[in-house]
Amino acid sequence: MRFSKSDRIVVLTGAGISAESGLKTFRDSDGLWENYRVEDVATPQAFHRNPELVWEFYKQRYEQLKTAKPNPAHFTLKKLEDFAQTNFSLITQNVDGLHFQAGNNNVLEMHGSILRCFCVKCRNNYPISDVDLEKPIPFCEKCKGMLRPDVVWFGEIPYHLEKINILLQKADYFIIIGTSGVVYPAAGFLQTAKYYGAMTIGINREKPANYYLIDKFYLGKAGEVLPKLVDEWIE
Ligand code: OAD
């Protein structure tokens, strides 16, 4: 298999692509959801009930991110974007910003980013670097409303869905990397892409829940498998 420059390539990544950067996934053993309950830290109701606990969770995520660097899988996607240019699109469920750090430009962060916050009252945005994380709950400088991480929680609608839908419909290749395929709507993208004619490809350390929709599956670590595959695909 070989990509041509006119092929439309759409990639969806999940927490697994950042595992080799030292960031915990959600559902692997010792994953984040083993130590925290989703309903306590990743829903709007949780934030309403106990914003301090939610902030504690995201502050830890931010602390870990400070030392994390993109790994070979991230850099390989930058190489793929350089090859396919505007025919390449990267959709990520990750909130860690590592795809941008690796140099990718065409990135849709459908679950937001922990590098940003916004005020729940006036919606003013802040880069996390401007926020005083020593405070149990940071507040808006303009209106004194509570700030929250700009991440999409369970029960909220992900970002960029209209754009993503168009990309999936036009894709020649749809590649999922490091995602368990259990969280919708992202878990449903394979079905849409396949229905509209894309070849579907998966790279994961285990078979994801939507494995049956994948035409070509490669079992292994993204940082080891992806660089070799992309070299073959774009040679
Ligand atoms: P999960 O933790 O559910 O799944 C990560 C997947 O990556 C698993 O299938 C692992 O086997 C695989 N994996 C682990 N290490 C890998 C590696 N080095 N190379 C390749 N694969 C590897 O994470 P997501 O599918 O991203 O949402 O989770 C989706 C959403 O659920 C997240 O965005 C988050 C979470 O709850 C919200 O918080 C809204």
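This tour visits aromatic rings and the charged side chains that lie over some of them. The model is predicted, and it holds eleven aromatic pairs.

Begin by selecting F26 and W33. Their ring centres are 5.1 Å apart and their planes meet at 40 degrees, so this pair is classed as tilted. Colouring by accessibility separates the two partners: F26 is partly exposed, with a relative accessible area of 30%, whereas W33 is buried, at 18%. The cut-off that matters here is 20%, under which a residue counts as buried.

Next, extend the selection to Y36, F47, F57, Y58 and W153. Together with F26 and W33, these residues form one aromatic cluster. While W153 is still highlighted, add R148, whose charged end sits over the ring of W153, 3.8 Å from the ring centre.

Then move to Y218 and W233. Here the ring centres lie 6.4 Å apart with the planes at 65 degrees, so the pair is edge-to-face. Showing the backbone places Y218 in strand β9 (residues 216-219) and W233 in helix α9 (residues 222-234); the pair therefore ties together parts that are 15 residues apart in sequence. With a relative accessibility of 24%, Y218 is partly exposed, while W233 is buried, at 2%.

For the last stop, select F118 and R123. R123 lies over the face of F118, at 4.1 Å from the ring centre. To set this beside the other arginine on the tour, return to R148 and view its charged end over the ring of W153, a member of the aromatic cluster that also contains F26 and W33.

Technical notes: Residues numbered from 1 in each chain as written. Predicted model: local features only at pLDDT ≥ 70, side-chain atom pairs only at ≥ 80, totals over all residues. Heavy atoms only, no water. Phe/Tyr/Trp six-rings, centres within 6.5 Å; stacked < 30°, edge-to-face > 60°. Buried < 20%, exposed > 50% of the residue type's maximum accessible area, 1.4 Å probe, protein only. Helix = DSSP H or I, 4+ residues; strand = E, 2+ residues; numbered from the N terminus. Lys NZ or Arg CZ within 6 Å of the ring centre and 35° of its normal.
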